[in-house]
Amino acid sequence: MTSLAAEVDRALTELHPRARGEFEQTVRQALENAKRRSAWEGVPTDAKGYPLGYFEETAGCFANEPFDEPVELPLPPAKVW
């Protein structure tokens, strides 16, 4: 166990339950953010920050999917003036 893990574990046992919940939520969010950033680390990007080839790979991916138009709802009755 690292020193950080031990410190987090100790904090979880010592904090008030309400503060413990907030602390856990903050740590989980930080962990998710770190995972998301590290997943894209080293991936070459274009000038706008998109991964190279992203649009070429995804263009037309819904081409053979059925398109269901929304059902038109009846108009509400107009007020008589």
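Is phenylalanine 55 buried, partly exposed or exposed, and what is its relative accessible area? Select it and have a look, keeping in mind that this is a predicted model. Phenylalanine 55 is partly exposed, with a relative accessible area of 43%. That value lands in this class because partly exposed covers the range between under 20%, which is buried, and over 50%, which is exposed.

Next, add tyrosine 54 to your selection. Its ring and that of phenylalanine 55 make an edge-to-face aromatic pair, with the centres 5.0 Å apart and 80° between the planes. Tyrosine 54 is partly exposed too, at 38% relative accessibility.

Now go to tyrosine 50. You'll find it in the loop that runs between helix 2 (17-39) and helix 3 (54-58). Tyrosine 50 has a relative accessible area of 41%, so it counts as partly exposed.

Keep the rings on screen for the pairings. Searching the whole structure turns up two aromatic pairs. Tyrosine 50 with phenylalanine 55 is an edge-to-face pair, at 5.1 Å from centre to centre and with 65° between the planes. This pair is called edge-to-face because the angle between its planes is over 60 degrees.

Finally, show Tyr50, Tyr54 and Phe55 together: they form one aromatic cluster. Switch on the surface for one last stop. What kind of surface patch do Tyr50, Tyr54 and Phe55 make? The patch is nonpolar and covers about 310 Å².

Technical notes
Residues numbered from 1 in each chain as written. Predicted model: local features only at pLDDT ≥ 70, side-chain atom pairs only at ≥ 80, totals over all residues. Heavy atoms only, no water. Patch = residues over 30% accessible without salt bridge, like charges linked within 9 Å, V, L, I, M, F, W, Y side chains within 5 Å. Areas by Shrake-Rupley, 256 points an atom, 1.4 Å probe, with all protein chains shown as cover. Salt bridge = Lys/Arg side-chain N within 4 Å of Asp/Glu carboxyl O. Helix = DSSP H or I, 4+ residues; strand = E, 2+ residues; numbered from the N terminus. Phe/Tyr/Trp six-rings, centres within 6.5 Å; stacked < 30°, edge-to-face > 60°. Buried < 20%, exposed > 50% of the residue type's maximum accessible area, 1.4 Å probe, protein only.
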